[in-house]
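Here's a quick tour of the model you have in front of you. Have a look at the fold before reading on.

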Amino acid sequence: MGNQLDRITHLHYSELPTGDPSGIEKEELRVGVAYFFSDEEEDLDDQRGQPDNRYNSVKEQQHSPGAQQRKGALQHQHHPQQAHHQQHLVLNELEFSAFSCQECIFSKLSDTQDLHVYSIAGLLSVCKPGDLLELLFLCAGAGEFTHPPPPPHWAVYVGNGQIIHLLRGQIRQDSLHEVGSSMGRVVNSWYRYRPLTAELVLQNACGHLGLKSEEICWTNSESFAAWCRFGKREFKAGGELQAGDQQYFLKMHLSENNVHTLRFHSLEELIREKRRVDARGKLRAIKELSIVDDDKD
C-alpha cells in the first residue's frame, strides 16, 4: 500500500480539510492512532563518518556568477543574516515536492528554496527558538557507504544551543554540538502549512520531553519536529482523517526533465519513503528507478 511507482503528467485532485491551525487537536477527531516508534534513526553515531562522494560539500564561490546571484537572492529572501556565514551546497542532493489535493504541501527545490548548509557554529548564529532544523552528517571523501547513511535528522531549536528531537525512540533535549552533525540548515519554509507561533512550537516540543517507545506516535524525527511547528495530526502515525480516496503524491526531481512520482495514502507514509530515498542519494535513486523501469519493459 502506498508505494506504487507511477509517472504522472496531469494530476486532478479534490480538496481535503486540514487540521486546526492552532495545533490543538480534539481527541474525538483522531482515527486509528497507532503509538509506536521507528528504528530508522537508531544510532546515528554508528553510521556517521563513512565516506560517500555525494556528501562532499561545495562552496558557493565555485558556481557561475549568475548562479551566485540567484542563490544569493533566495538566501536573502529566506534568511538575510546567513549571507555573513560560510555556506556550502551538497553534491547530488535529491530535490522533492509533495502534493495533497491541488495544494503543494512540501517543496525542497533549488529554484525556490535556499538549500545551502552551514557549519554548526554558523547555524547557531542565525537560528532562533521555534525554528525547524535539518541536521546532516556530511564527510569528504570518495567511495561508497558500507551500509546506507542515516537520513537527515530534524529537530526544533529551543534556544541557548539546545534542540528537542526524537532520537532512538525518545523525545529528548540535547546540545546541538552533541548530536554530532557536521552541517545543518533552517527548513521552516519547506512545508507549506501555516506555522504556529514560536511560543506554541516550543510548548509542543517541551510538552513531550521524556516520552519513550510506546508513548510516541511519530515514526521519525522529521514527523515529530514538523508536528511541533505546524500542529497537524497528519504528521502522526495513524493521524489521517481517512477521507475517502485521499492520496498524496511525492515528486522526485532527478533532473530538469526527469521527475518520478510516488503515490501514498498518508502523509506519514510519504515522509518515511522520502527520508529513505533521500538517505540513499540521487545516484542510487536513479539506479533503482532504472531497474524498475527495465522490469516493466
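Buried residues make up 53% of the 297 residues in this predicted protein, where buried means under 20% relative accessible area, exposed means over 50% and partly exposed is in between (1.4 Å probe, protein chains only). About 14000 Å² is exposed, with carbon and sulfur atoms supplying 48% of it; these areas come from the Shrake-Rupley method with a 1.4 Å probe, and for residues only the protein chains shown count as cover.

Being a predicted model, local features need pLDDT of at least 70 and side-chain atom pairs count only at pLDDT 80 or more, while totals for chains, interfaces and linings use all residues. Residues are numbered from 1 along each chain as its sequence is written, and side-chain values use heavy atoms, with hydrogens and water left out.

As for the layout, the protein has seven helices and 13 strands, taken as DSSP runs numbered from the N terminus (helices H or I, at least four residues; strands E, at least two). Of the contacts (heavy atoms within 4.5 Å) with a separation of 6 or more, 76% link residues 24 or more positions apart.

Two non-glycine residues with positive phi are set out here:

| Residue | Phi | Loop | Relative accessibility |
|---|---|---|---|
| Cys101 | near 60 degrees | β4 (95–100) to β5 (103–108) | 7%, buried |
| Arg168 | near 50 degrees | β9 (162–167) to β10 (170–175) | 41%, partly exposed |

Now for confidence: pLDDT (the predictor's confidence in each residue, from 0 to 100) averages 75, and 64% of the residues score at least 70. Over residues 45–83 pLDDT stays under 50, though the model has 99 contacts there beyond four places in sequence. Where pLDDT is low, the predicted coordinates should not be read in detail.
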